[in-house]
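Q: I am new to this structure and would like to learn how to read it. Could the main features be taken in turn, each with a case to look at?

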Amino acid sequence: MSKKTAVGGTAILKEINVKKIFELISQSEGISRAEIAAQLGLSVPTVAKAAKALVSAGFLTERANSVANMGRTPALLYVNGDNAFTVGVEFEGGLLSMGIVNLAHKLIHKRTIRVTPDLDMVIHNIFLSEVRRLIAESGINPENIIGIGIGLPGVVDSKKNELRRVSLVGADDNVNLKPIIDYVEEQLKTPVYVINDANAAALGEFEYRDKADGDLIYISVGTGVGAGIILNNTLRTGHTGHCGEIGYMFFEMGGRSSAELPGWLERKVNVDSILEMIKERRSQGNHDVEDVYAYVADLIAVAIANIEMILDVDLVVIGGTVVNMLGTRLLDKVREKFDERCVIKATISHGMCEEPAIMGAARVAYDNRIDALLKAICV
Amino acid sequence: MSVKYDPTYIKIQNRIIVLNLLRKKRAISRVDLTKLTNMSFPTVIKVVDDLIEKGLIIDTETPADGAGSVGRKPRIIQFNPNAIMAIGACLEGNEAYIGLVNYALEIIQFEHLRITDENYECDLNAVVDVIREYIHLSDTAPIGIGMGISGDIDTKKNKLIKSFFFDGKKGDILQNLLDGLQVETGIPIYIENDVKTNCIGAVRSTMDLDSNDLIYCSLGTGFSCAIWQNDGYLKGIHNKAGGIGQTYLQVFTDSCAEPQMLEDMININAIKDRFGVDIMDSNLNEAQISRIVDYLVPVLNLSIFNLYRLVDINKFAIGGVIPEKLGDLFYGNLRESFQTMYQADVTILRSESGRDGVVGSADYAFEKLLYEIIK
């Protein structure tokens, strides 16, 4: 983002205006042209012209305002959700979940199946038929799908189109994503975008909460540990796409790190090791497993405290298999330990979005495609 | 950030883009500006004319290299580094660095003073005297004074909120002196935390055209960092981002049940407790330096690695009074041991204490006054 490009002339201005107007309508529950003009500091004719183009291209619908009681009632503009759709997919080892999301960012249909954690096998033998089944079940015309977003575990380097180090989905070496993307695009005739799964979940949760200040950290504790970091309304990906790989952070001295080893934090806390601990306790007649909760809560609380001291964000959402499995009892303990440790105040919460990774992955497809679609109507 | 999409905004933005490009490249032809900015040629001509009129850039007769052999060669336009000046001052605890800096961020004059606890007010007045002297030194009066001060700063109100060094009455004396100087000279003063202004300076001195992203870590009485990402540093919701020194270590080892804060393990006091030397006052011998380096390096490297993993920035500048005192051995060991322990592609730079702070503080003032400069 450091390279600056020119802001440019009137054509770009028109594009920016159309996009701003569409975004504002997306966020509202019906809004009049005059209100849009007032909120964006644009003239009513500019708004009217853009709205006309958006309505005739099918992006917007308008309905009379039933609330106004005197004079001519201004028509309200709404996003036509059924004009176009995106597909969001989450592949986290043993589960493949996917959903269709409409232009108004509503999840309209989803399905989840158990799969073998093998990326190559899943993509070539299962993925296409499952996406096609999802679309068929929803009754949507496949031509109205404008893009697919896929959330994958591991570091997604979108500059190099590479997926790095994800032994849990059967990819020990770096995976070149280009042939996979090309293959899916060719088969399904729609653009494909790949994103890290924790980043996708952060985007999904962020969109659902509609946070005004623009910051959120999503921490996922499951097969591995990862985080999605949103600061100033922007998802941070970093230099090589590994921003938020907190599973690799060390909170004790003496550890080494290398390409072959899993991270320190995710070695300490992951779904397999926690299940093993619980099993062991239960076999000894200890069914309360209080110490397991304390152990997990302590690690997650320290991780959050340390991240908070560095980034100072007011909302941390925790999710993933371990967090879902241990539920509210874990969350309460995490909060308690965090408050003891950290001088910065932050809210720690469970996820509120039903399918954050699906929604976030779909959002990536939406963000990549909407500009081009809106640009087309400006010509 | 709320942005109005109006023509005036675009005009200003276009000027900023051209000016910043010239600030980096120093000299360029109008044709190359067109290519680099994606602006139309008429727009570039208009913007360049505006900037020439303000004296910020100079038209030259020098033809551009490598231009076609036929027809008139495009002429070079040059950045005029001395068109505007600012003063940068960094008060890092007992150390005060003051500099007169031009718009190309070259230090024209530089002074290093000490602020002692015994002669606090007198020493602080000496700092202000140097600033006064610099104001009258150059033909072009400085447009602003940027100050980096160790402590929590309210940048909106331009006030010192809390500081370990400038606490209570000392803080009041400093604030009064600065307020008085502003009234007396009519030159605006902008205050920011010293780690952040050092970070700006380190970013500017790397002159990396591809990416500015960098983390500046400062180790002295405290341990903190500033994270520069996407053309700005992270502030955090409570203005507390960068508190790497307050992260915890060694929580789960058997020998140490209690969590320990990083800062308490490696700051000046920790070194005093552990090695029985005051790193600021004593002339350390080689053996002492070596022992302290061996102790600090693993903790610092772990911090660097955690930051690298969290935000994926691979350029670090390390500064502060402790690295300054320990010198080459410290930086050499830090780089070598980082590679051995973590095998990650990370560059560790040595931050010249004082220089980065002065340049960064001056640039902070330039940034604050950017709109005034180009409008």
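A: Helix 10 of chain A is a suitable place to begin. The model is predicted, and helix 10 of chain A covers residues 321-341.

Q: How far apart are the end C-alpha atoms of helix 10 of chain A?

A: The expected span of a helix is 1.5 Å times one less than its number of residues. Helix 10 of chain A has 21 residues, and a straight helix would reach 30 Å, but its end C-alpha atoms are only 25 Å apart.

Q: Where does helix 10 of chain A bend?

A: The bend is at Gly327(A), and it amounts to about 105°.

Q: Which residues of helix 10 of chain A are buried, and what covers them?

A: A residue is called buried when its relative accessible area is under 20%. In helix 10 of chain A the buried residues include Val322(A), Val323(A), Leu326(A) and Gly327(A), the site of the bend. Leu330(A), Leu331(A), Lys333(A), Val334(A), Phe338(A) and Arg341(A) are buried as well. The cover includes strand 12, helix 8, helix 9, strand 15 and strand 16 of chain A, together with strand 13 of chain B.

Q: What does a single residue of strand 16 of chain A touch, for instance Ile348(A)?

A: Ile348(A) has its place in strand 16 of chain A. With a relative accessible area of 2%, Ile348(A) is buried because the limit for that word is 20%. Leaving aside residues up to four places away in sequence, Ile348(A) touches Leu331(A), Val334(A) and Phe338(A), among others; these three are also buried residues of helix 10 of chain A. Further contacts of Ile348(A) include Ile304(A), Val316(A), Ile318(A) and Arg335(A). Val317(A) is 31 residues from Ile348(A) along the chain, yet their C-alpha atoms are separated by 5.8 Å.

Q: How is the size of an interface given?

A: It is often given as the accessible area lost when the parts come together. Here chain A and chain B bury about 4900 Å² between them, with 61% of it on carbon and sulfur atoms. Three residues, His239(A), Met253(A) and Ile310(A), supply 14% of the area that chain A buries against chain B, more than any other three residues. The contact takes 56 residues from chain A and 53 residues from chain B.

Q: How many salt bridges and how many residue pairs in polar contact are found across the interface of chain A and chain B?

A: The rule finds zero salt bridges across this interface, but 17 residue pairs in polar contact. Helix 1, strand 13 and helix 9 of chain A are the elements that give two or more residues to the side of chain A that touches chain B. Helix 9 of chain A gives the most, with eight residues.

Q: Where, then, are salt bridges to be found, and how many does the structure hold over all chains?

A: The structure holds 36 salt bridges over all chains. One joins the side chains of Glu23(A) and Lys19(A), at 3.8 Å from N to O. These residues are four apart in helix 1 of chain A, which means about one helical turn between them. Glu23(A) is partly exposed at 30% relative accessibility, and Lys19(A) is partly exposed at 29%.

Q: Which parts of chain B are tied together by the salt bridge of Glu184(B) and Arg132(B)?

A: The closest N and O atoms of Glu184(B) and Arg132(B) are 2.7 Å apart. Glu184(B) lies in helix 5 of chain B and Arg132(B) in helix 4 of chain B, so the pair ties together parts that are 52 residues apart in sequence. Lys159(B) forms a salt bridge with Asp179(B), with closest N and O atoms 3.7 Å apart. This pair links strand 9 of chain B, which holds Lys159(B), to helix 5 of chain B, which holds Asp179(B).

Q: Which residues of chain A are linked in a network of salt bridges?

A: The network links Arg111(A), Glu130(A), Arg133(A) and Glu137(A).

Q: How does helix 6 of chain B look when its span and its cover are read together?

A: Its 13 residues should span 18 Å, and its end C-alpha atoms are 18 Å apart, which agrees. Of these 13 residues, 10 are buried, including Asp194(B), Cys199(B) and Val203(B). At the start of helix 6 of chain B, a side-chain oxygen of Asn193(B) comes to within 2.9 Å of the backbone nitrogen of Val195(B).

Definitions and conventions. Residues are numbered from 1 along each chain as its sequence is written. Chains are lettered from A and ligands numbered from 1 in the order in which they are written. This is a predicted model: local features need pLDDT of at least 70, side-chain atom pairs count only at pLDDT 80 or more; totals for chains, interfaces and linings use all residues. Side-chain values use heavy atoms; hydrogens and water are left out. The bend at a residue is the angle between axes fitted to the seven residues ending there and the seven starting there. Buried means under 20% relative accessible area, exposed over 50%, partly exposed in between (1.4 Å probe, protein chains only). Contact means heavy atoms within 4.5 Å. Buried area is the accessible area (1.4 Å probe) that two parts lose on being put together, summed over both. A salt bridge is a side-chain nitrogen of Lys or Arg within 4 Å of a carboxyl oxygen of Asp or Glu. A polar contact is a pair of N or O atoms within 3.5 Å; within protein, one must be able to donate a hydrogen and the other to accept it, and residues adjacent in sequence count only if both atoms are side-chain atoms.
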